[in-house]
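Colleague: Got a minute to go through this one with me? I'd like to start with helix packing.
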Amino acid sequence: MRSAITLVVLIFAGTGGDLAMAHAMKRLGEVNSFKPSVIWHFLGRAFRERWMWIGLALMTLAFCSLLALLSWEAMSFVIPANALSYVTGAFGGKYFLGEQLTPQRWAGISLVTVGVALVCLG
Amino acid sequence: MKPPQTHLLKTSSVVAILVVLNSAGNFFFGLGMKHIGALQGWSRAALHSAFVAVFSSAWIWLGIVSMLLYMVALMLILTWADFTYVLPATASTYAVVPLLGHFVLGENVTGLRWMGVALICIGVMFVGRTPPSTTKKG
């Protein structure tokens, strides 16, 4: 039960953290130059975004959940189970970020999810 | 507005950089931890010596630098590309690591793992053939 709850926290906090960061980056707008000065300025703006900090907090929670889970369960269970976050990420991208997921992208995400699980189990 | 071809090239290049940095980061962390060895218990003294050993390792620092650069590259690509495009594409790391293990380190890779690598490659190709961005720029 303890592991199941922690796995749910890991998947949702991890996905939530990624989505919050993606949302913050979308608010900043496209970066078109990779000059060090431009990237430095971009990082300064990024860390002034509230969503960036929400994302980092959720990622920290996910990381702590991962460490806890790894101390209780086998890695061969934890890592493939965590591949479910590709699916929750796809739903989050569609409903939270408003991305258009074509059947082709859904198929790709599903194949990647199963593939990651197989690589970790193999 | 960039021509779609230029945009696709920019996106593919950053995805490739993400995969290289993530694979390198994991490789350096793995190498560093192998050099340090297993944790000698959970006592305060053991944790302190492990902490010192971890942060004295050049491999660990190379891993940290790789992962920080990965984070910056991820933040940059998310300013224009879809999250649902970038996330599966970066999963290529899971395919690169067994390939490196087999062809560079001569490790034995099981049939199940090869099947997983093939599925990841097909999945990434599927996602890669969709437009990188489907939302209006904020």
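Modeller: Sure, axes first: they are lines fitted to C-alpha atoms, for helices over the stretch in contact, and angles run from 0 to 180 degrees between N-to-C directions. This is a predicted model, where local features need pLDDT of at least 70 and side-chain atom pairs pLDDT 80 or more, while totals for chains, interfaces and linings use all residues. Residues are numbered from 1 along each chain as its sequence is written, with chains lettered from A in the order in which they are written.

Colleague: OK, at what angle do H5(A) and H6(A) cross?
Modeller: Roughly 160°, with the axes of H5 (residues 85-95) and H6 (residues 103-121) of chain A coming within 9 Å. H5(A) is therefore roughly antiparallel to H6(A), a label for angles over 145 degrees.

Colleague: Which residues make the contact?
Modeller: A:Tyr86, A:Val87 and A:Ala90 from H5(A), and A:Trp106, A:Ile109, A:Val112 and A:Thr113 from H6(A). Contact means C-beta atoms, placed from the backbone, within 7 Å.

Colleague: Switching topic, how many helices does chain A have?
Modeller: Six, and zero strands. Helices are DSSP runs (H or I, at least four residues; strands are E, at least two), numbered from the N terminus.

Colleague: And what box do the C-alpha atoms of chain A fill?
Modeller: Roughly 45 × 35 × 25 Å along the principal axes.

Colleague: How many residues of chain B are in contact with chain A?
Modeller: 33, against 38 residues of chain A. H6(B) gives the most to that side of chain B, with twelve residues.

Note on methods: Two residues are in contact if their C-beta atoms, placed from the backbone, lie within 7 Å. Angles under 35 degrees count as roughly parallel, over 145 as roughly antiparallel, 65 to 115 as roughly perpendicular and the rest as oblique.
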